[in-house]
Structure formats: structure tokens, C-alpha cells
Amino acid sequence: MCELYSKQDTLALREKHIGPSCKIFFAADPIKIMRARGQYMFDEKGERYLDCINNVAHVGHCHPEVVKAAAKQMELLNTNSRFLHDNIIEFAKRLTATLPQKLSVCYFTNSGSEANDLALRLARQFRGHQDVITLDHAYHGHLSSLIEISPYKFQKGKDVKRESVHVAPAPDTYRGKYREDHEDPSTAYADEVKKIIEEAQSSGRKIAAFIAESMQSCGGQIIPPAGYFQKVAEHIHKAGAVFIADEVQVGFGRVGRHFWSFQMYGEDFVPDIVTMGKPMGNGHPISCVVTTKEIAEAFSSSGMEYFNTYGGNPVSCAVGLAVLDVIEKENLQVNAVRVGDYLLELLNEQKAKHPLIGDIRGVGLFIGIDLVTDREKRTPATAEAQHVIYEMKGKGILLSADGPHRNVLKIKPPMCFTEEDAKFMVEQLDGILTVLEEIMDSKSGIVVSENTACRTKMPKEVHAELSNPSATKAREIHSGKRNGVCTDQHALLSKRLKT
């Protein structure tokens with residue numbers, strides 16, 4: 001593809017014509033991506049970046065089998081689902097074959113937001129209840145109905161939580177209300193949901209649904225303790241409500257040993273509704289809601305037809321089928337286990353070495369690195385996390401930070417990510433953390449010990465520097481080469497702090 005505009009012109013035109021609410025990655029020094037293949041992306045200069053964050057390109061950017069399937073079907077037909085066509089039937093059969101038997105009815109949509117919005121409609125129609133319980137820091141989509149149940153969004157804006165929405169504590173055993181030293185964190189967190197149900201019912205309200213990601217992504221790569229979902233489901237069902245498992249970010253084999261993340265909690269836990277999206281089409285817009293026959297029939301009995309112009313169209317279904325084929329043919333679930341376990345091993349070695357790393361958590365190719373300035377207090381290292389992701393970009397590695405404090409480095413790469421990629425990423429992270437800690441320690445006067453709970457106090461001048469990536473980004477990019485060859489930002493930052 002030919003470049004139409006320079007990087008600077010592209011940025012200026014984007015600011016002029018594209019809604020300003022949509023923030024771009026690395027805003028202080030954005031990347032202009034021209035092409036991608038597998039786990040790599042390439043900018044307008046042809047420089048390569050290792051993509052550690054793109055869970056949309058699930059089987060790898062521009063996978064030839066997926067591209068071929070889309071092109072082949074587009075040459076034949078693309079129309080809506082009011083006509084009979086084999087693709088939508090075959091895709092529904094393949095999807096439901098991966099799920100517990102009771103989850104047998106599919107509704108095809110075009111995005112994760114559409115899927116979660118429809119899931120709420122199904123839940124509310126089922127027994128006529130309206131209230132929803134969601135988790136703190138959760139994000140379920142950009143539609144108005146979903147912003148209302150997404151504390152990740154409404155707590156940052158001017159929106160006020162609706163009376164029909166109830167927020168339960170996120171089941172975070174590292175930073176949450178009940179931590180790993182609690183005798184039974186799963187029951188404690190589930191009892192918080194039970195309490196919400198009881199309080200709502202005492203006010204005459206009725207719960208329609210509990211909705212949660214099977215592993216919380218925007219909330220900071222949170223993996224609930226074993227038994228939590230089973231206990232919540234028990235409380236929810238007693239209240240006449242349904243359990244919605246949001247697999248939009250974490251489904252399709254990302255955890256490795258299971259195709260769906262909710263399955264890793266045990267066979268005795270089966271949601272009533274499952275939503276899926278992002279990786280489903282490897283970048284093509286397609287999503288789905290799968291539910292039980294009972295819930296589907298209750299929805300149909302409302303008399304309101306559900307029709308989605310593009311949902312389940314032949315091209316989208318051909319793409320989805322191709323993604324399923326690639327996952328199976330290339331053993332990507334096995335790869336997620338092998339590479340994920342190796343990456344966790346490497347990262348835990350770094351945790352023993354670097355006091356900035358407070359926690360490493362993850363399953364398969366869904367991993368979070370929780371950065372802290374004080375291991376004992378678990379103080380979020382927000383500025384440091386931003387510094388790290390910009391430094392990693394300078395090394396040709398794309399990472400991002402999320403969580404309530406934006407201090408958790410999240411790793412959710414394409415499923416073709418290799419052990420060599422993992423090793424390269426960790427080596428660069430090791431170097432960046434080493435220099436950063438040396439700078440911080442030289443100013444704070446604190447001696448770092450690997451065997452004690454360390455405090456890496458942040459002097460004001462370091463904090464100001466790290467909080468403003470634009471202050472150093474020019475030196476980072478223009479004074480050194482990418483892909484780990486050389487960069488002198490650390491030296492410059494260190495020199496500046498010492499003078």
C-alpha cells in the first residue's frame with residue numbers, strides 16, 4: 001500500500017476529521033502502521049514491531065487462510081440472514097460444539113458491544129427483571145446500555161450509576177478487598193454479590209443478570225479465585241437471574257487448555273449466556289451471543305423480531321469458520337499453553353530480580369505484570385508503567401497498560417506468538433527495568449535487595465519525567481535505533497537527574 005500522507009499530516013488530518021474521544025496508542029509519539037503479518041506490524045518506514053497486545057488478530061495478522069476465505073465468499077455472495085445459506089448453519093454448529101450442551105442457540109452480531117447489548121435484552125426478557133450486577137472496573141462495550149454497566153467507563157465520565165445497576169467488588173486477590181492471604185476469598189467475594197441481591201430485593205428490585213468477563217481485561221488482567229463463579233451463579237439463579245459470561249476478549253482458546261475461559265473454572269460452572277467477539281473474525285467484524293433454548297424461546301415470545309442486517313452474513317461466517325480451522329490446524333491452543341507457560345516462567349524470574357514488579361498473573365497468552373513502587377503496600381507504579389511501554393516501543397515491542405491505576409502491563413498477543421518472541425520481549429523489559437530502578441535508587445538512596453520487600457521511592461523529578469512521555473519521546477525515537485539495537489534515553493534521563 002502506498003503512503004498517501006506523511007505521518008505528521010496523517011496525525012493532523014485525524015485530529016481534524018476523526019472524533020477526538022478516540023485516543024491512539026502512544027499519543028506522545030504515535031506509530032503509523034502500514035501492514036502486518038503474523039505477530040508483527042510494520043510502520044511507514046518498514047520498521048518492525050512485535051505485537052504483544054492485539055488479541056483481535058487472533059490467529060495472526062492477515063492470516064492467508066482467513067484472507068482467502070473472505071475473498072472467495074465475497075466473489076460469490078454476501079447478503080443478509082433472511083435467505084437460507086449453509087455458512088451460518090455450519091458456523092453455528094461449529095461454535096456450539098465447543099460449548100456445554102445446554103448452550104445451543106446462536107444470535108450473530110457484528111461487535112462485542114452488539115453482543116453484550118443483546119445479551120442484556122435476552123436476560124431482561126427472560127423473567128421480566130431489569131437490574132444488572134456488574135464488577136467494579138468492568139468494561140462491556142461502548143453502547144449506552146453497556147456504558148451503564150461498565151464502571152471502567154462511567155466512573156471516569158459524567159454519567160451517574162443508574163439505580164438498576166449494582167457494582168460488586170472485582171474478585172482481585174492481589175489488590176482487592178479479599179487477598180491471597182484470606183482463608184476463602186472466593187466465598188467472600190461471592191457473598192458480596194449475595195449481599196447486593198438481598199439489598200436490591202429488600203427495595204423491591206429484581207435482578208435480571210450478573211455479567212462478568214471470564215477474566216477481567218480492562219480491570220487489570222484479573223483472574224477470579226477458584227469457585228467464585230460457581231458460588232455467584234448459585235446466588236444469581238436463586239434470585240431468578242441469569243449469568244452472562246463475556247468472552248469477547250478472552251475466548252477462542254486464548255487460555256490454552258480450554259477453548260473458552262469460563263471452562264477453566266470447572267465443568268460444574270456453565271453460564272446461561274455467553275458473548276463472543278474480537279478474535280472471532282481475526283479483525284473482521286463479527287460477534288455472537290449463545291444461550292439456552294429456554295432463554296431464546298422466552299425472547300422470541302416477546303413478539304419483537306430480532307434481525308441484524310449484517311449479523312451472520314455469508315462472508316462473516318466464512319471468515320469465522322476459517323479462524324476456527326486455523327486454530328485447530330496450527331494447534332494454537334497448544335501453542336498458547338507452551339509459550340504462555342514459558343513466558344510466565346521468564347516473567348517470574350524477573351519478578352525475583354526487579355522490585356518494581358509486584359505481581360505476575362495469567363493463563364495461556366493472557367498475562368498481566370502489576371508494577372508497584374512499594375511491594376509491601378502494593379502502591380501502583382502508574383508513571384513507571386507509562387515509561388516502560390514507551391521504552392518498549394523504542395525497542396520495537398508494543399505493550400499497553402491498563403487496570404484501575406493503569407499500572408498493569410497487559411500481554412495478549414496473536415496466538416502465533418513464539419517462545420523466541422517471549423524471550424526477546426522479556427530481555428528488553430529486563431534491561432528497561434534495570435536502568436529505571438538504578439535511576440530511581442540513585443536519587444532515593446534506598447539499597448535494593450532481591451530478598452526483602454523493597455520500596456522504590458519515586459523522587460519528584462523522576463516522577464515528573466516519567467509522567468510526561470512527550471518530554472523524552474523525541475530523544476527516545478530519534479537518538480537511537482529500534483528493535484533493541486540501541487537507544488540512549490535511559491542515559492539521557494539518568495544524566496538529567498544527576499545534574
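Visitor: Which residue of strand 9 stands opposite Asp-246?

Guide: Opposite Asp-246, in strand 9, stands Thr-275. Strands here are DSSP runs of E with at least two residues, helices are runs of H or I with at least four residues, and both are numbered from the N terminus.

Visitor: What kind of model is this, and how are residues numbered?

Guide: This is a predicted model, in which local features need pLDDT of at least 70 and side-chain atom pairs count only at pLDDT 80 or more, while totals for chains, interfaces and linings use all residues. Residues are numbered from 1 along each chain as its sequence is written, and side-chain values use heavy atoms, with hydrogens and water left out.

Visitor: Back to those strands. How many bridges join strand 8 to strand 9?

Guide: Strand 8 (residues 242–246) and strand 9 (residues 273–276) run parallel and are joined by three bridges. Two strands count as paired if DSSP finds at least two bridges between them.

Visitor: What is the strand order of the sheet they belong to?

Guide: The order is 4-10-9-8-7-5-6, an open sheet of seven strands with mixed pairing. Strand 4 and strand 6 (165–168) are at its edges with a single partner strand each, so one side of each has no neighbour in the sheet. On average, neighbouring strands of this sheet are turned by 20 degrees against each other, direction ignored. Such angles are taken between axes, which are lines fitted to C-alpha atoms (for helices, over the stretch in contact), and run from 0 to 180 degrees between N-to-C directions.

Visitor: Is edge strand 4 largely enclosed or left open by the rest of the structure?

Guide: Strand 4 is largely enclosed, because four of its five residues are buried. Buried means under 20% relative accessible area, exposed means over 50%, and partly exposed lies in between (1.4 Å probe, protein chains only).

Visitor: And what does strand 4 pair with?

Guide: Strand 4 pairs with strand 10 (residues 287–291) in the antiparallel sense, over five bridges. Val-105 faces Thr-291 of strand 10, and Phe-108 faces Cys-288.

Visitor: How many residues of strand 10 are buried?

Guide: Five of its five residues are buried. In a regular strand, side chains alternate between the two faces of the sheet. In strand 10 both faces are covered, with Ser-287, Val-289 and Thr-291 on one side and Cys-288 and Val-290 on the other. Strand 10 also pairs with strand 9 in the antiparallel sense, through four bridges, and there Val-290 stands opposite Val-274.

Visitor: Changing topic: what is the volume of the second largest pocket?

Guide: The second largest pocket holds about 500 Å³ of space. On a 1 Å grid over the protein atoms alone, a pocket is an open set of points with protein on both sides within 12 Å along at least five of seven lines, and lining residues have an atom within 4 Å of a point; a cavity is a set where a 1.4 Å probe fits but cannot get out. Grid points are joined across faces, edges and corners, and the volume is the space filled by probe spheres set on them.

Visitor: Which residues lie closest to its centre?

Guide: Ser-81, Ile-88, Cys-106, Tyr-107 and Tyr-306 are the closest, out of 25 lining residues. Helix 3 (86–96), strand 4 (105–109) and helix 9 (293–300) each give two or more residues to the lining, and strand 4 gives the most, with four.

Visitor: How does that lining divide by residue type?

Guide: It has 15 nonpolar, eight polar and two charged residues. Ala, Val, Leu, Ile, Met, Phe, Trp, Tyr, Cys and Pro count as nonpolar, Asp, Glu, Lys and Arg as charged, and the others, Gly among them, as polar.

Visitor: How many disulfides are there in the whole structure?

Guide: A search of the whole structure finds zero disulfides, a disulfide being a pair of cysteine sulfur atoms within 2.5 Å. Cys-52 is buried, at 0% relative accessibility, and Cys-416 is buried at 17%.

Visitor: Lastly, what is the phi of His-137, and where is that residue found?

Guide: His-137 has a positive phi of about 70 degrees although it is not a glycine. His-137 is in the loop between strand 5 (131–135) and helix 5 (144–147), and is partly exposed because its relative accessibility is 23%. Arg-378, also not a glycine, has a positive phi of about 60 degrees. Arg-378 belongs to the loop between strand 12 (366–374) and strand 13 (379–380) and is buried, at 15%.
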